[in-house]
Amino acid sequence: MANPEVKKSGAKVKIQRFGSHLSGMIMPNIGAFIAWGIITALFIPTGWIPNEDLAKLVPPMITYLLPLLIGFSGGRIVYDLRGGVVGATATMGVIVGADIPMLLGAMIMGPLGGWAIKKFDKMIDGKVRSGFEMLVNNFSAGIIAGILTLVAYKGIGPVVLTLNKTLAAGVQAIVDAHLLPLASIFIEPAKVLFLNNAINHGILSPLGIEQAAKAGKSILFLLESNPGPGFGVLLAYILFGRGMAKQSAPGAAIIHFLGGIHEIYFPYILMKPMLLLSVIAGGASGVFTFLLFDAGLVAAPSPGSIFALIAMTPRGHYLGVLAGVLVATAVSFLISSVILKSSKKTDDDDDELTKAAEKTSALKGKESRASSLINKPEAKKEEPVAAKTRSDVNKIIFACDAGMGSSAMGASILKNKVQKAGLDIAISNTSINNLPSDADIVITHKDLTDRAKAKLPGAEHISVENFLNSPKYDELMNELKEGQGAAPAEAVSEPAAEQAEDNEYTDVSKIIFACDAGMGSSAMGASILKNKVKKAGLDVAVSNTSISNLPDDADVVITHKDLTDRAKTKLPGAKHISVENFLNSPKYDELMSKLESAKK
């Protein structure tokens, strides 16, 4: 008898894979969608600066440019550039064969074109005589693209047109029945399960674009992108949270609300699954408010920052959009506050973020499997073979659905550890669909590991519960040091080096966090270190500013790695510390250890 847990996991992986393919066609082209939205908001008759001549750009962009971009991206996902060209050409058939923007048609024809040319190339592989490769390649792509274009024009286009109108009518019926707020019951939990990009860019955006093309705006753009529900949860943690969760919540709130990286609040929900009620109620309240004000956006805001929402808001609808965000924030905050205040205090509050993975298991109905993954010290010791092959590791990839957000932060954390260890290993992040074939190790969230293995079976795959704070990073680092011979040299030189570095920190009295603007992430980093300095009882001033305003008497300057060279040029006499992430850098504890040792 089949295991129901395995069936459930398999179904979820298939849904994630399908959603990832959909969002993978939209996300690379978000810039074009935003460009169309800006031109629409400015120049149509109801826009900010109506201009009949410039408004002529709007119909061709939505009718031709956006579907062709989607078709090309869909074909490229399946079969690189060759698939993209065939996919885009085939998309032209559904474009000409319909009287509405064929975004959904493009999402069908793009991958279909890539699949067709991929199958043909595989069929003739090794059968083409030398010297005829280019001739066969060009003509095969042209013939297949031409055939698919005709099929799309006469056959697929009318079918997709009917499907498109049916879906649009269904959405309109839900809106007319005032049932749209209930969509939050599905959207908010799905976001926390890392289906946010699939929902927003794979489903809501294509339907929303067609509504916006007709009405000048669409409420569908606001369903998933509203930052209010997550912001309310983080505000509650700031006031009523405990331990590391409370300390890190202010930084997370700024990144989420202003930066638009919604994934940063997911661990806070997973720590206490009851908070799902908060984001569901907040999301539904926000949607209800949007409906009351007849609010909508002209294009998809990406990322889901409050700035992006404002930029995509049509003239005369700012009150409705902002009201929906504020109501969602308030409702989510109130419910979250009650849940957090009623939670029992334990001795392990400082470890709650690291235990979010265990809470995830309870939320997803996989508690036993998660526990077995965590409680297997013997299994970890059975990896001497892997350690011997670590000398061959040259590239480590962090992968998630979109290739940004949490995976980027995880890559940043491990890259910092690798640099400190002096290892020559490239670390980067990307989407699962774009995993490079030369990756030696692929690190993914445990819910995405099966898809990553299917995409790149030849690589070693490491599954983590939380990109921001996984113990597997240190385990991997120990194996890499051992395998690449870094450990002995480090062990020999460490005492003398540490003593010399400690002596250099004796006279440190001012530490400055610096970034471009002197606010935001650098302010959060300064707040974290200031708290550590205060607890240690050290007489060291910690503040933040912009790089252009660095004070001459700064002893230590802490910057993001991309800005360190500029800071060194501005203030060459100071000690400079480069970090990957202002919110979660291990260098803070190292610095504190050196300061405490030096002050003694």
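Buried means under 20% relative accessible area, exposed means over 50%, and partly exposed covers what lies in between. The exercises below use these classes on a predicted model.

**Exercise 1. Strand β1 and strand β4**

Task: Decide whether K395 is buried or partly exposed, and do likewise for H461. Then state how far the C-alpha atom of K395 is from that of D438.

Solution:
1. K395 belongs to strand β1. Its relative accessible area is 23%, so K395 is partly exposed.
2. H461 belongs to strand β4, which spans residues 460-464. With a relative accessibility of 16%, H461 counts as buried.
3. The C-alpha atoms of K395 and D438 are separated by 7.4 Å, while the two residues are 43 residues apart along the chain.
4. H461 can be treated in the same way with I443 as partner: 18 residues apart along the chain, their C-alpha atoms are separated by 5.9 Å.

**Exercise 2. Aromatic pairs**

Task: Find how the rings of F231 and F257 are arranged, then how those of F398 and Y473 are arranged. Place each pair in the chain.

Solution:
1. Ring centres must lie within 6.5 Å for a pair; planes under 30 degrees apart count as stacked and planes over 60 as edge-to-face. The count by this rule is 4 aromatic pairs.
2. For F231 and F257 the ring centres are 4.2 Å apart and the planes stand at 20°, so this pair is stacked.
3. F231 sits in helix α7 (residues 228-240) and F257 in helix α8 (residues 243-259), so the pair ties together parts that are 26 residues apart in sequence.
4. F231 has a relative accessible area of 17% and is buried. F257 counts as buried too, at 16% relative accessibility.
5. For F398 and Y473 the ring centres are 5.7 Å apart and the planes stand at 65°, so this pair is edge-to-face.
6. F398 is in strand β1 (residues 395-400) and Y473 is in helix α19 (residues 472-483); the pair links distant parts of the chain, 75 residues apart.
7. Both F398 and Y473 are buried.

**Exercise 3. Salt bridges between helices**

Task: The structure holds 7 salt bridges. For the bridges D121 to R82, K417 to D474 and K420 to E590, give the distance between N and O atoms, the helices that are linked and the exposure of each partner.

Solution:
1. Side chains of opposite charge can pair when their charged atoms come close. The cut-off here is a side-chain nitrogen of Lys or Arg within 4 Å of a carboxyl oxygen of Asp or Glu.
2. D121 and R82 form a salt bridge in which the closest N and O atoms are 2.7 Å apart. D121 is in helix α4 and R82 in helix α3 (residues 58-96), so the bridge ties together parts that are 39 residues apart in sequence.
3. D121 is buried, at a relative accessible area of 13%, whereas R82 counts as partly exposed at 22%.
4. K417 and D474 form a salt bridge whose closest N and O atoms are 3.1 Å apart. The bridge links distant parts of the chain, with K417 in helix α17 (residues 406-421) and D474 in helix α19, 57 residues apart.
5. K417 is buried, with 19% relative accessible area; D474 is partly exposed, with 42%.
6. K420 and E590 meet in a salt bridge at 1.9 Å, N to O. K420 lies in helix α17 and E590 in helix α23 (residues 587-599), so parts that are 170 residues apart in sequence are tied together.
7. K420 is partly exposed at 41%, and E590 is partly exposed at 29%.

**Exercise 4. Surface patches**

Task: Name the residues of the positive patch and of the nonpolar patch, and place one member of each in a helix.

Solution:
1. The patch of positive charge on the surface gathers K118, K119, K122 and K455. Its largest share, 3 residues, comes from helix α4 (residues 103-124).
2. K455 is placed in helix α18 (residues 449-455). K455 has a relative accessible area of 37% and is partly exposed.
3. The nonpolar surface patch covers about 590 Å² and is made by F132, L135, F139, I143, I147 and V151.
4. L135 is found in helix α5 (residues 133-176). At a relative accessible area of 46%, L135 is partly exposed.

Terms used. Residues numbered from 1 in each chain as written. Predicted model: local features only at pLDDT ≥ 70, side-chain atom pairs only at ≥ 80, totals over all residues. Heavy atoms only, no water. Patch = residues over 30% accessible without salt bridge, like charges linked within 9 Å, V, L, I, M, F, W, Y side chains within 5 Å. Areas by Shrake-Rupley, 256 points an atom, 1.4 Å probe, with all protein chains shown as cover. Lys, Arg positive; Asp, Glu negative; His and termini not counted. Charge placed at Lys NZ, Arg CZ, Asp CG, Glu CD. Helix = DSSP H or I, 4+ residues; strand = E, 2+ residues; numbered from the N terminus. Buried < 20%, exposed > 50% of the residue type's maximum accessible area, 1.4 Å probe, protein only. Phe/Tyr/Trp six-rings, centres within 6.5 Å; stacked < 30°, edge-to-face > 60°.
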